[in-house]
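User: I have a new model open and want to learn to read its helices and its sheet. Where should we start?

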Amino acid sequence: MGFEFLDNWTDMMPRNGGHVVSVFGGGGKSSLIEAWADWYIENKIPVIVTTTVHVGCDQFPKLELHEWDGSSTELPDALFIGKDEAEYRNGISMDEVDKLSQTFPEHVILVEVDGSRSLPMKLHNDDEPLFPKSTTLAVAVAGLSAIGDPVEKVLHRYNRDGLISPEITTENKSGNKIWGWDETYELLTRENGYLARVPEDVPVLLAFCQMDDCDDTIGFFQFLDKMMEVVPLILVGDLCSHEPRMKAFYSTEHES
């Protein structure tokens with residue numbers, strides 16, 4: 001197989017202020033952002049976390065909640081910008097993210113730019129995700145817990161008119177539509193799939209989370225080899241335990 005992995009999965013993360021990392025998709029976005037934010041805190045790199053949609057109120061417990069009004073020019077080194085409303089923590093607009101990056105160039109900004117109702121895969125509307133113009137890295141996330149389960153249980157907006165075609169799923173012997181590796185590849189790479197939604201000239205990496213819930217290891221590595229032909233840097237692992245267990249794989253075909 002034409003890939004190897006980095007010694008530390010965090011080696012691919014931007015370390016200098018001024019970066020805006022936009023995370024989208026399903027199945028592990030918030031957990032991935034939280035693990036990144038914790039790493040920045042531990043390494044004393046200023047970090048801001050926010051969202052252009054909303055997240056659960058229990059997300060990001062190590063980050064101070066701050067309602068930025070656009071006028072302050074001083075912020076702590078680690079915080080979540082937004083406000084609590086009912087059961088959600090709402091963030092800010094794309095334009096406000098852009099203003100944040102201009103006002104606080106010493107911070108790395110991590111922003112969740114869409115939601116999937118806690119499902120591992122997602123069908124996007126035409127106007128999704130909401131990428132800030134200042135995005136310097138896009139991270140497409142997919143949850144491996146989807147593999148082998150009925151499509152209607154793992155795919156956000158399944159059967160929504162205009163969003164899915166019958167060809168994306170196959171039927172098993174009982175006639176049920178089951179999500180598999182072919183469906184994942186199609187969702188990521190098709191004309192209106194995940195990767196096609198990344199703004200032009202913005203680098204992208206893939207993150208496959210929920211590895212502990214995937215029983216088909218052989219199938220996954222065959223799938224990974226295929227995906228490496230499209231995206232040469234991919235994160236793989238699980239974020240449910242106290243310590244993140246992630247690996248950063250890179251394509252040896254793209255080595256310089």
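Analyst: Start with helix α5, residues 217-227 (helices are DSSP runs of H or I, at least four residues; strands are runs of E, at least two; both are numbered from the N terminus). Its buried residues are G219, F220, F223, L224 and M227. Buried means under 20% relative accessible area, exposed over 50%, partly exposed in between (1.4 Å probe, protein chains only). This is a predicted model: local features need pLDDT of at least 70, side-chain atom pairs count only at pLDDT 80 or more, and totals for chains, interfaces and linings use all residues. Residues are numbered from 1 along each chain as its sequence is written, and side-chain values use heavy atoms, leaving out hydrogens and water.

User: Why do the buried residues lie on the same side of α5?

Analyst: An α-helix has 3.6 residues a turn, so residues three or four places apart point the same way. Here the buried residues cover an arc of only 140° around the axis, which puts them on the same side of α5. The arc is taken from the directions from the helix axis to the C-beta atoms.

User: Which exposed residues sit on the face turned away, and what does the buried side pack against?

Analyst: I218 and Q222 are the exposed residues there. The buried residues pack against β1, α4 (181-189), β15, β16 and β17 (contact: heavy atoms within 4.5 Å).

User: What is the strand order of the open sheet?

Analyst: Strands of a sheet pair through backbone hydrogen bonds, either parallel or antiparallel. This sheet has 10 strands, ordered β1-β17-β16-β15-β11-β2-β9-β3-β6-β5, with mixed pairing. Pairing requires at least two DSSP bridges between two strands. The edge strands, β1 (3-5) and β5 (64-66), each pair on one side only.
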